[in-house]
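Please open the model in your viewer and set it to a cartoon display, so that the path of the chain is easy to follow. The tour starts with the whole protein and then turns to one element.

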Amino acid sequence: MAERMPARERLLNAAAELFYREGVGATGIDAITAHAGVAKMSLYNNFSSKADLVNAYMQRRLEEWRDVYRERLRNATTPQQRILAVFDSYVDHAALAYEWGFRGCGLLNAAAELPVGDPGRAVVAFQKEEVERLFKEHLLEMEPGAGVSIDETAQHLSFLLEGAMSRAGLDGHDARLKTARKIAISILERL
């Protein structure tokens, strides 16, 4: 079945696993092509460089998270549930990485290895800003006239979620994310 998958997909799948499990810098082209079961030339036929592959990996992780979030959003009928859907999407996305040894946010892990100014870091910043924007959007649905406190609460929820994800990565499981969700509920109940 993997043999029928296009080389680009096999390379992205191999890079996703190896970059997440081993790190971007520690994963060489030879390891990726061997894991994908393709010739080295296939990599360069599909990506201009390792940096291009890293960027494609990060874009893919962003889209994976968005898909998971949209799936959670389908069942969210209230603004509070939509806020919690963001937390739940992180738990769901974390579950996808357990077979590789959960290490936290794949985007943040990769960004930590990239130099300032690298386009991959912009992808990560965009995702983190998107999360905060989603919190603001859903908080405004709850409290349309809340003004500045909406921005502060959205930032607080964002920090709570990202901090929990960082700690979860160190712990190797999602318990901190689940605790952060409970804290978010208590914050929302006080609004």
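What follows is a short walk through a predicted model, with a suggestion at each stop of what to select.

Begin by selecting everything and colouring by secondary structure: the protein has nine helices and zero strands, and from the N terminus on its elements read α-α-α-α-α-α-α-α-α. If you turn the model along its principal axes, the C-alpha atoms fill a box of roughly 60 × 30 × 30 Å.

Next, switch on the surface, which comes to about 9,800 Å² of accessible area, with 53% of it belonging to carbon and sulfur atoms. Of the 191 residues, 46% are buried. Among contacts with a separation of 6 or more, 66% are between residues that lie 24 or more positions apart.

Now colour the charged side chains, and you will find 24 positive and 27 negative charges, whose mean positions are 3 Å apart.

For the last stop, select helix H6, which covers residues 106-113, and show its side chains. Which residues of H6 are buried? They are Gly106, Leu107, Ala110 and Ala111, and because these residues cover an arc of only 130° around the axis, they sit on the same side of H6. An α-helix has 3.6 residues a turn, so residues three or four places apart point the same way.

Finally, add helix H1 (7-22), helix H4 (50-73) and helix H7 (119-142) to the selection, since the buried residues of H6 pack against these three helices.

Notes. Residues numbered from 1 in each chain as written. Predicted model: local features only at pLDDT ≥ 70, side-chain atom pairs only at ≥ 80, totals over all residues. Heavy atoms only, no water. Buried < 20%, exposed > 50% of the residue type's maximum accessible area, 1.4 Å probe, protein only. Helix = DSSP H or I, 4+ residues; strand = E, 2+ residues; numbered from the N terminus. Arc of directions from axis to C-beta. Contact = heavy atoms within 4.5 Å. Areas by Shrake-Rupley, 256 points an atom, 1.4 Å probe, with all protein chains shown as cover. Lys, Arg positive; Asp, Glu negative; His and termini not counted. Charge placed at Lys NZ, Arg CZ, Asp CG, Glu CD.
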